[in-house]
Number of protein chains: 2
Amino acid sequence: MNILIVHAHPENQSFTTSLKNLADEVLNKKGYSVEISDLYEMNFNPVASKQDFQIVENPEYFNYALEQRNAVKKDSLSPDIKIEIDKVQRADLIIFTFPLYWTSVPAILKGWIDRVFVSGIFYGGKRFYNHGGMTGKKAMLCFTLGGREHMFGDQSVHGSIEQYISSIQRGSLAYTGFDVLPPFIAYHVPYISHEDRQKILTNFESYLENLENLKPLEFPKLENFDDKMNPLN
Amino acid sequence: MNILIVHAHPENQSFTTSLKNLADEVLNKKGYSVEISDLYEMNFNPVASKQDFQIVENPEYFNYALEQRNAVKKDSLSPDIKIEIDKVQRADLIIFTFPLYWTSVPAILKGWIDRVFVSGIFYGGKRFYNHGGMTGKKAMLCFTLGGREHMFGDQSVHGSIEQYISSIQRGSLAYTGFDVLPPFIAYHVPYISHEDRQKILTNFESYLENLENLKPLEFPKLENFDDKMNPLN
């Protein structure tokens, strides 16, 4: 199994970075091949723009998705995007490790999705959800946050954690065809003891050891919708 | 009333940019004062990093929120962040205009939130939701997307649009104390006729004319939770 870890944290001694390092170590030990995109270390540019295309087909009116489709056909995506797409195409599983910023991914990681998930490869026309370009691959989120676990849930002060990460898990990963594994969430990280952090690392190690047995989350199947995406009964 | 429009689109002839321009025009005509942060035009840097602080208090272990709190106290935030905070502080209402990228904001706008919503001004300790730093101010989203309206909703193929924007509306805006007005959403934009686009512009003009009568969305009030954020009955 080939694994890509996409990591986004500005401090390489952070606990989030320890989780990334642990995944690298455990998965290598299991005999998997692991690649890492450390976005801060790479100084990854997260801003979708005309510079993403070596040839801009319509410089008079810039449409990002149309330019992506054209650049895929003509192999004219900018090299930094091509490198990331190649990593995704080699991978059987992508693990995203990041601190939750404003109940979502840090901008540098959002921009990795904006720029790398190109139209024509990841999706296009009726190719989405279980017909998306990434079917057969798995993805999962591993993230840290300051809030406590009891603050999230339908009756809790912040509501469910799932709503906040739905634009990543459902709108980006499931939409493009990935099987999305249950997320690994480390709560209250800035405030907990060294011992509690060790427990989280132990739990993450068990999670990783059990990776191949994890059941993906449920998302829509296009067979349950008609041509106009109205639900069939 | 002072209004700040935060705009994020790479093409200044786009329909999203027309919505921004219309808001600017209509609100100026109503006698409001309008400021605009056009993030692409400003070449805004969306990546949270050490460079956000003129003095890094702990260069050995970089903690973004702690550095924010320190920099607020010592007035040592980087100038590009200070300028944006000043605009927010002058504003009674912030309008965000953007195309939905991967069911959320483009990375350049996510990074505006990551870097500008600093700990110590926007929130801190028990200052969040209706006690957040931005209470008394309003905010609203105005965005365009490719999907059709019937594709969103609890029984629909993509589920509710609210889940996808909850990390902005609830996790970022309501959390810091803004009253969040109902979003203005323009569906199916790349595929519709010139006439249908004109109708959307007319609807947005009515929406803007009626701004002061719009009822904010409902979010939690801290008075309904105990000290540990468990719900009181």
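Buried area is the accessible area, found with a 1.4 Å probe, that two parts lose on being put together, summed over both. Keep that in mind for the tour.

This is a predicted model, where local features need pLDDT of at least 70 and side-chain atom pairs count only at pLDDT 80 or more, while totals for chains, interfaces and linings use all residues. Residues are numbered from 1 along each chain as its sequence is written, chains are lettered from A in the order in which they are written, and side-chain values use heavy atoms, with hydrogens and water left out.

**Stop 1: both chains**

Color chain A and chain B separately. A rotation of 180 degrees, with 0.0 Å of shift along its axis, puts chain A onto chain B with an RMSD of 0.0 Å (a least-squares fit on the C-alpha atoms of residues with pLDDT of at least 70 in both). The two copies are thus related as by a two-fold rotation axis.

**Stop 2: where they meet**

Now select the contact (heavy atoms within 4.5 Å). You'll pick up 53 residues from chain A and 54 residues from chain B. Of the interface residues of chain A, 100% are also interface residues in chain B, so the copies meet through the same surface.

How big is the area buried between chain A and chain B? It is about 4,200 Å², and carbon and sulfur atoms give 60% of that.

Which helices of chain A should you click on here? Try H5 (107-116) and H6 (161-174), which each supply at least two residues of the side touching chain B. (Helices are DSSP runs of H or I, at least four residues long; strands are runs of E, at least two; both are numbered from the N terminus.) H6(A) gives the largest share of that side, seven residues.

Next, look for salt bridges (a side-chain nitrogen of Lys or Arg within 4 Å of a carboxyl oxygen of Asp or Glu). Across this interface, there are zero.

**Stop 3: a charged pair in chain A**

Over all chains, though, the structure holds 20 salt bridges. Select Lys87(A) and Glu84(A): their side chains meet in one, at 2.9 Å from N to O. Why are these two about one helical turn apart? Because Lys87(A) and Glu84(A) are three residues apart in helix H4 (residues 79-90) of chain A.
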